Amino acid sequence: MKLTQTMAYAEAADMMFGSSLHPVTTKSGLCIGGGQVVPEIVVHPRAGSEASLKTLLREFERGYGDALERCVSVGLPRTCLEIEHVAQMTRQPDWGAQVAVQTVSLMERFRNQFGIQSACRFTIADIRKPDMVHMRDSERTEHVLDAFDACARHADMVAIESLGGKEIFDHAIIRNDVTGMLFGQAVLGCRDMQWLWPQIVSIARQHGCRPSGDTGCAHANTAMFMAGGYQSREIPHTLAALARAISVGKTLVAYECGATGPGKNCAYENPMIKAITGVPISCEGKSSACAHSSFCGNVIAAVCDLWSNEAVEYHAMFGGTTPAVFSELLGYDAALMNTALGMGYERQLQECMVNSDRYRDPQSYILCPDNAWKIGKAVTENSQSFYARARAAALKCGELIFEDSRLQLTVYERDALAHYMAELDKLPEDESDFIDLCLTRYAKIKGFRRESYGL
Amino acid sequence: MRYLNPKYQVFNRYDLFHEQEEQKTHRFSHDAMLQRVAEHVVDGDDMKITDVVCEALTVKNPQEVIREGLIAGMDEVSRLWSEGSYFLPQVVLSSDAMLAGIAACEEKMGRPIKRRGKIVTHTAEGDIHDIGQTIVNALLGAAGFEIINLGADVLVDHVVQACREHRPIMLGGTALMTTTMSAFPRIAAKLKRLNLRIPFVCGGGAVNENFVSGFDLGIWGKDASWAVGMAEDALKGMTWRQIRAKWNG
């Protein structure tokens, strides 16, 4: 596979929310990245609703019905629904298919009744846990591919949060081991995607469905959650920033295999992906605080095309049920961005988003469009291997964090980053030398099997 | 791009406001060899610790190396963690070093050392998100408990069977998803039917206090760092109700 060598955007200043170089139109006719930001609502079923297909269908019907009803109620012109599979829907692909049929029917009913434009994305659960099964040859692998086929027949878009390399990443992240993080994400994760994604693309194309994208969720978001807020002491925030930079090369593999976008909402590396590929992206920030906290609530919207809430569990609130409330929040967020676009104030609004969070934390700093573009550039300029581009992204990320004196770091964060940079510097230039080093170093990690990755 | 004047405050960096200076203890033992063992634990040096411990074992007995070297070092790590000087990776690396050192001592003794108490941990049936469990295991292991790690996506009956077999002082369960945490009350009900009234600490992304308080044996673990304190209470013989009353509500 030829790795990407060029940037879609010539400079960061060309990137803007609502528009992408390669907009996507779904089979239901919704255009994403074509000039307006579209809200993307995600509802998570309550505990116990997974007990039977009947209860699960009822839960999703209620959740997305409430969401669409509120969209109409406050006048949203268009919306996207994302359904993230719970494990039961992937293990029993027929369950996933029936939820997809029901969702499409619900969207049609609202389209016919009110004219609201909508599309749905189904994210298949990656149930192939690397330390439990052979990633390429297991019953779980078959279920994942069957679930793609079952859902792509009905859905506008399909996606996944692939888990390749997570067994090594999880071991490494709690040991300050940036070498292991690189091996897990860049060598193993990319090889897993290189095997998986051509199959996803082929299945989706057979059914006129968009193979939308993947994410570093299992790796970089684990790092982000562990890094936590200002009081957390689980892992340094600079390490989470490096994990994010390393994830760019992995997420990019989906597009190199034929994914079209929109990028998956939880891929906080999406600003880099947009800079490199020009595909539309989904992002989540302030309005996904219902799912988790972050330091980039505003800045992550700076170049988004879909604007998501990540996931909200179905519950009652004073203002209605959570799907209704969060549809309204996302809708107003998108309306503000679209108003700015319509009035020619988009640059000013983008500047406000960036300035709000730029120096809040190293993680938000690297997601500012200028820095995201530079990290993307490091990826494309080092296309010799998955490893080379991920290492280059990590080094660029550290360099950017160190070079701006306005970004303050605690002594611990500064020392930790200096340590990671020294470790990255010492690593071999060549991918095969790096793989040899890691196969020796991580051979005894519980559940690691090199054959899962064709090594 | 224009940049905001830093004097115009839109956020406050509380991490800079109260930065903790690390106050390491430097003297653990008057014996130079045991001092080196403890230092390697505090520094989390799991590569060299085996050599250092083996060297100490040529002149010291294994119990002495464990007590005055390995455990002394780990006590210092616990102190640095609880006062906010150490981050999780430092604790995990120190725990790795301590366990490698103990393995060398056990080899010399020809038998395993007695751990403080047995704890069964698992990630819920249907859930493969087990990093929370990994962290809990590392912290409990560092505190000297014996961990029976059942892994991720563990069937309810398998958890119950492990409790029958091992009779742990505490059971731990983690779940990220709301649609998997429903395994916890099913486990608790089966344990109760078998009259195994084991404190069952449940935590993880979607798990909340209301849910866990809804079934007997359940205790909500808000944070991985609570696990050691709860295990200490279970070891003292506190019942699940007493532990719940102390940590929850």
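A salt bridge here is a side-chain nitrogen of Lys or Arg within 4 Å of a carboxyl oxygen of Asp or Glu. The model is predicted, so local features need pLDDT of at least 70 and side-chain atom pairs count only at pLDDT 80 or more, while totals for chains, interfaces and linings use all residues. Residues are numbered from 1 along each chain as its sequence is written, chains are lettered from A and ligands numbered from 1 in the order in which they are written, and side-chain values use heavy atoms, with hydrogens and water left out.

Q: What makes B:K190 and B:D157 a salt bridge?
A: Their side chains meet at 2.6 Å, N to O, and the cut-off is 4 Å, so the pair qualifies. B:K190 sits in helix α8 (residues 183-193) of chain B and B:D157 in helix α7 (residues 156-166) of chain B, so the pair ties together parts 33 residues apart in sequence.

Q: Why are B:K190 and B:D157 called partly exposed?
A: Buried means under 20% relative accessible area, exposed means over 50%, and partly exposed is in between (1.4 Å probe, protein chains only). B:K190 has 29% and B:D157 has 48%, so both land in the middle class.

Q: How do you know that B:E76 is buried while B:R79 is partly exposed?
A: B:E76 comes in at 5% and B:R79 at 29%, so they fall on opposite sides of the 20% line. These two also form a salt bridge, with the closest N and O atoms 3.0 Å apart. Both lie in helix α4 (residues 62-82) of chain B, three residues apart, about one turn of the helix. Helices (H or I, at least four residues) and strands (E, at least two) are DSSP runs, numbered from the N terminus.

Q: What makes A:E161 and A:K264 a tie between separate parts of chain A?
A: Their salt bridge is 3.3 Å, N to O. A:E161 is in the loop between β6 (157-160) and α5 (166-173) of chain A, and A:K264 in the loop between α8 and α9 (270-277) of chain A, so parts 103 residues apart in sequence are joined. Both residues are buried, and they belong to a salt-bridge network with A:E82 and A:E84.

Q: Why does A:Q102 count as buried?
A: A:Q102 has 19% relative accessibility, so it counts as buried. This residue of helix α3 (residues 93-114) of chain A is in contact (heavy atoms within 4.5 Å) with A:L57, A:F60 and A:E61, leaving aside neighbours within four places in sequence. A polar atom of the A:Q102 side chain also lies 2.9 Å from the backbone oxygen of A:L57.

Q: And what about A:T238: buried or exposed?
A: A:T238 is buried, at 0% relative accessible area. Its contacts beyond four places in sequence include A:P362, A:L409 and A:Y420.

Q: Why is chain A called as compact as a globular protein of its length?
A: Its radius of gyration is 21 Å, close to the 23 Å that the globule rule gives for 455 residues, so the description fits. That radius is taken over C-alpha atoms, and the rule is 2.2 Å times the number of residues to the power 0.38.

Q: How do you know that A:R140 and B:D153 form a salt bridge?
A: Their closest N and O atoms are 2.5 Å apart, so the pair is within the 4 Å limit. The count between chain B and chain A is five salt bridges.

Conventions
A polar contact is a pair of N or O atoms within 3.5 Å; within protein, one must be able to donate a hydrogen and the other to accept it, and residues adjacent in sequence count only if both atoms are side-chain atoms.
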